[in-house]
Amino acid sequence: MTDAEAHAQNAGLAHQFEDLEQQQETDALGIWVFLVTEIMFFGGLFASYAIYRWLYFAAFQGGSHILDIRLGAANTIVLLASSLTMALSVRSAQAGNRRALVLFLVATMILGGIFLGVKAIEYNQKFVEHVVPSLDWAPEGQTLARLAPGGLEHAQIYFFFYFAMTGLHALHMIIGVGLLLWLVVRARKGNFNPHYFAPVEVVGLYWHFVDIVWIFLFPLLYLIGGRY
Amino acid sequence: MSTATLEPRVRASRNYLNADYGWKSWLFTVDHKRIALLYLVSITFFFMIGGSFAVLMRINLTEPQGALVQPETYNKLFTLHGIVMVWFFLIPSIPAVLGNFLVPLMVGSRDLAFPKLNLLSWYIFIVGGLFTLYSAIAGGVDTGWTFYTPYSSMYTNTQVTAVAIGVFITGFSSILTGLNFIVTIHKMRAPGLTWFRMPLFLWSMYATSIILVLATPVLAITLVLIALEHLFHVGIFSPGLGGDPLLFQHLFWFYSHPAVYIMILPAMGVVSEIIPCFARKRIFGYKIVAFSSVAIAVLGFLVWGHHMFVTGQSVYAGLIFSLLSFLIAIPSAIKVFNWTSTLYKGSISYEAPMLYAMGFIGLFTMGGLTGLFLASLATDVHLNGTYFIVAHFHYIMVGGAVMGYLGGIHFWWPKISGRKYPNGWAALAAAIIFIGFNLTFFPQFILGYLGMPRRYAFYPAEFQVLNVMSSAGATVLGVGYLIPLVYLIWSMRYGPIAEPNPWGATGLEWKTSSPPPTENFAEIPVVTEEAYAYAAEEAAGD
């Protein structure tokens with residue numbers, strides 16, 4: 001098969017590649033390199049978190065005990081379920097099952113939406129309890145009693161990390177939901193077939209990465225200091 | 001050279017430059033060669049902006065009490081000079097211009113792995129640049145390019161947020177370029193082009209890309225933290241609120257030290273191409289030069305603490321960072337020895353690119369050796385924060401990286417533009433730049449050794465002679481930079497037509513027409529020999 005024929009046969013084959021196999025391998029390596037940059041990006045925050053947690057453990061413990069662990073745990077389950085549906089989407093694309101592909105992609109989107117909704121409720125709670133650093137920082141009553149032993153100033157640093165880390169994670173979730181929407185549109189058009197489904201695979205890897213970040217965030221933020 | 005006497009061939013009718021016309025064909029192109037030219041124009045613009053800040057600084061420093069500007073303005077000048085030159089000229093210079101142009105040609109493919117991402121990276125670069133220019137117009141920044149906290153985050157009233165956003169955004173353009181190169185070099189190599197047949201420029205691009213993708217995200221998150229602290233006054237880096245300013249320095253230098261290698265590794269790659277070509281010899285110790293690039297990339301991540309010897313880092317950490325900094329001198333020295341060994345018994349011709357490459361070797365060696373003064377704990381205490389540092393890193397970043405960049409531009413200009421430039425003017429410019437550079441920065445070594453601190457608008461009267469020498473040198477250097485700008489633009493229209501391989505060089509980029517067609521090769525080439533097979537080439541030519 002000549003080059004021109006290969007390109008004429010597959011609408012999904014970009015001009016710079018020889019064949020779909022090369023394209024698929026290239027896309028896969030591309031997303032893995034991108035995920036490495038993401039690890040370094042979150043890594044800066046995790047490293048800073050580690051240092052301040054070590055410096056101000058009591059404040060981090062107090063701050064952690066203000067978070068709603070039930071909502072955090074529920075969200076962990078929601079995200080793990082979304083990873084399952086995402087994996088099933090990739091499998092459906094591989095099998096060429098367009099109906100199932102659309103179904104699982106939509107399911108992943110809905111689960112992602114639920115996660116973001118729960119996160120919004122949690123953020124709202126922080127405003128109710130006045131533990132938003134700088135913007136609304138005036139903890140009182142029970143909250144104040146929990147935070148006071150570690151020092152209010154240092155508790156503010158804990159909540160800064162809480163918002164920065166979960167906020168960055170939520171931003172990645174929002175981008176992920178947008179990418180899923182794009183996949184749903186393309187999948188409905190029948191863009192994907194068992195020979196060409198690289199975009200589904202690439203977004204899938206991104207989605208799993210975002211999930212894994214949460215798997216680290218949940219214990220680091222919610223489960224400090226043997227609360228239960 | 002024998003090829004120079006040949007009749008100029010008729011230019012191939014269709015190439016990437018005349019494949020399409022109109023501004024849309026440039027701004028929406030996904031051709032890596034056109035994107036390289038977009039970058040070339042953009043970074044030249046930023047180079048002139050950054051250069052003009054330097055001109056104002058050097059004018060001011062002709063008099064001990066400051067000849068031109070208020071101290072506040074002076075602070076903004078050196079800050080913007082650093083920010084523009086580092087992030088908007090040096091880091092993109094060789095990778096985004098020459099790398100973009102050459103990586104697909106050298107691996108023998110039609111384009112980079114992700115052409116649209118490549119175009120996106122240019123737009124990201126431009127948006128980041130606009131933020132930075134906005135911050136300059138809206139009042140400037142006075143923190144130094146290093147943004148040290150807590151001054152940058154808590155105290156200064158200047159445009160820290162805008163410039164942090166600008167540099168943050170530009171970082172993603174670096175990341176995308178690096179990602180594209182890594183994937184292209186892994187997956188797009190032509191049949192027969194094994195890793196150890198690759199030109200050394202590709203090895204250095206690969207090493208550079210590794211740094212780009214690993215280090216830049218850390219800078220990005222650090223800038224986010226600075227901007228958040230500046231906007232909301234939360235104590236991440238501010239000791240007054242329980243934060244740790246040293247943490248900022250660790251995070252910043254974790255990026256910014258490897259960033260030095262982002263600037264110098266590509267220039268080393270360029271020199272590794274030029275030297276064998278004009279010595280008509282295979283490079284000495286190919287594998288060692290290749291691995292030394294990788295070694296520099298890896299070790300470069302482990303030496304950031306040598307920027308912090310006097311800022312309160314533990315002495316034991318300082319000892320280890322000092323040792324590691326000495327280690328990184330080894331792969332750098334290996335390269336210098338291998339280039340000079342390549343010259344030994346070569347049949348050398350001093351064309352313009354070769355003059356730049358020779359200038360690179362000399363100036364880089366000076367910069368590298370003075371780096372050892374700074375890597376030693378005890379001498380660093382004396383020299384840190386003085387003009388010695390300024391001179392040292394300009395020898396690396398201007399004497400090294402810019403010389404390499406200009407050498408590369410001159411070497412591949414016939415391929416890029418399809419035209420030749422006047423060699424006499426190019427040689428003259430290389431000489432003027434070399435002289436102007438040394439006159440500018442050598443006095444600064446002495447000034448620093450005598451104790452003149454950097455970043456001050458004023459200085460004691462006894463330092464005036466050396467400062468005036470430095471300013472005079474900067475004028476010569478400025479003239480040297482303007483000459484290539486003139487004759488290169490001139491050559492695009494009036495230069496003699498270049499044949500596909502005017503230097504008689506090896507490498508796939510010379511096997512296609514000048515300028516190359518949009519798809520680079522009529523047929524994907526098959527590689528059957530090692531890189532730099534100059535001996536074989538000569539034998540075949542006779």
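This report walks through a predicted model, starting with chain A and moving on to the contact between chains and the interior of chain B.

## Chain A at a glance

Chain A holds eight helices and two strands. Reading from the N terminus, the order is α-α-α-α-α-β-β-α-α-α, with the strand pair sitting between five helices on one side and three on the other. The C-alpha trace spans about 75 × 30 × 30 Å along its principal axes.

Of the 228 residues in chain A, 37% are buried. Contacts that reach far along the sequence are common here: taking pairs at least 6 apart, 77% join residues at least 24 apart.

## How far to trust chain A

The predictor gives chain A a mean pLDDT of 92, and 94% of its residues reach 70 or more. Confidence varies by element: helix α5 (residues 98-128) of chain A is highest, at 97, while helix α1 (residues 3-9) of chain A is lowest, at a mean of 61. Where pLDDT is low, the predicted coordinates should not be read in detail.

## Where the two chains meet

The contact draws on 28 residues from chain A and 30 residues from chain B. On the chain A side, the elements that give two or more residues are α2 (20-55) and α7 (152-188). The largest share, 16 residues, comes from α2(A). By residue type, this side of chain A divides into 14 nonpolar, 12 polar and two charged residues.

## The nonpolar core and helix α3 of chain B

Which residues have the most contacts inside the largest nonpolar core? They are Leu202(B), Val271(B) and Ala401(B), in a core of 230 residues. Helix α3 (residues 71-107) of chain B supplies the largest share of this core, 23 residues.

That helix is mostly covered, with 33 of its 37 residues buried. A kink of about 60° is centred on Pro92(B) in α3(B). Even so, the end-to-end length fits: at 1.5 Å a residue the 37 residues of α3(B) should span 54 Å, and the end C-alpha atoms are 51 Å apart, which agrees. After the helix comes Gly108(B), with a positive phi near 75°.

## Helix α13 and Ala401(B)

Helix α13 (residues 387-417) of chain B is also mostly covered: 30 of its 31 residues are buried. This helix bends by about 45° at Phe411(B), and Pro414(B) follows within four residues. Just after α13(B), Gly418(B) takes a positive phi of about 75°.

Ala401(B), one of the best-connected core residues, makes contacts beyond its sequence neighbours. Leaving out residues up to four places away, Ala401(B) touches Leu90(B), Ser93(B), Met263(B), Ile264(B), Ala267(B) and Ile396(B).

## A closer look at Ala357(B)

Ala357(B) lies in helix α11 (residues 352-375) of chain B. Is this residue buried or exposed? Ala357(B) is buried, because 30 other C-beta atoms lie within 10 Å, and the cut-off for burial is 20 or more.

Its partners, again leaving out residues up to four places away, are Val271(B), Ile274(B), Ile275(B) and Gly407(B). Val271(B) is also among the residues with the most contacts inside the core. Ala357(B) and Met268(B) are 89 residues apart in sequence, yet their C-alpha atoms are 9.1 Å apart in space.

Key: Residues are numbered from 1 along each chain as its sequence is written. Chains are lettered from A and ligands numbered from 1 in the order in which they are written. This is a predicted model: local features need pLDDT of at least 70, side-chain atom pairs count only at pLDDT 80 or more; totals for chains, interfaces and linings use all residues. Two residues are in contact if their C-beta atoms, placed from the backbone, lie within 7 Å. Ala, Val, Leu, Ile, Met, Phe, Trp, Tyr, Cys and Pro count as nonpolar, Asp, Glu, Lys and Arg as charged, and the others, Gly among them, as polar. A nonpolar core is a set of buried Ala, Val, Leu, Ile, Met, Phe, Trp, Tyr and Cys residues joined through C-beta atoms within 7 Å. A residue is buried if 20 or more other C-beta atoms lie within 10 Å of its own, exposed if 12 or fewer, and partly exposed in between; C-beta atoms are placed from the backbone. The bend at a residue is the angle between axes fitted to the seven residues ending there and the seven starting there. pLDDT is the predictor's confidence in each residue, from 0 to 100. The expected span of a helix is 1.5 Å times one less than its number of residues.
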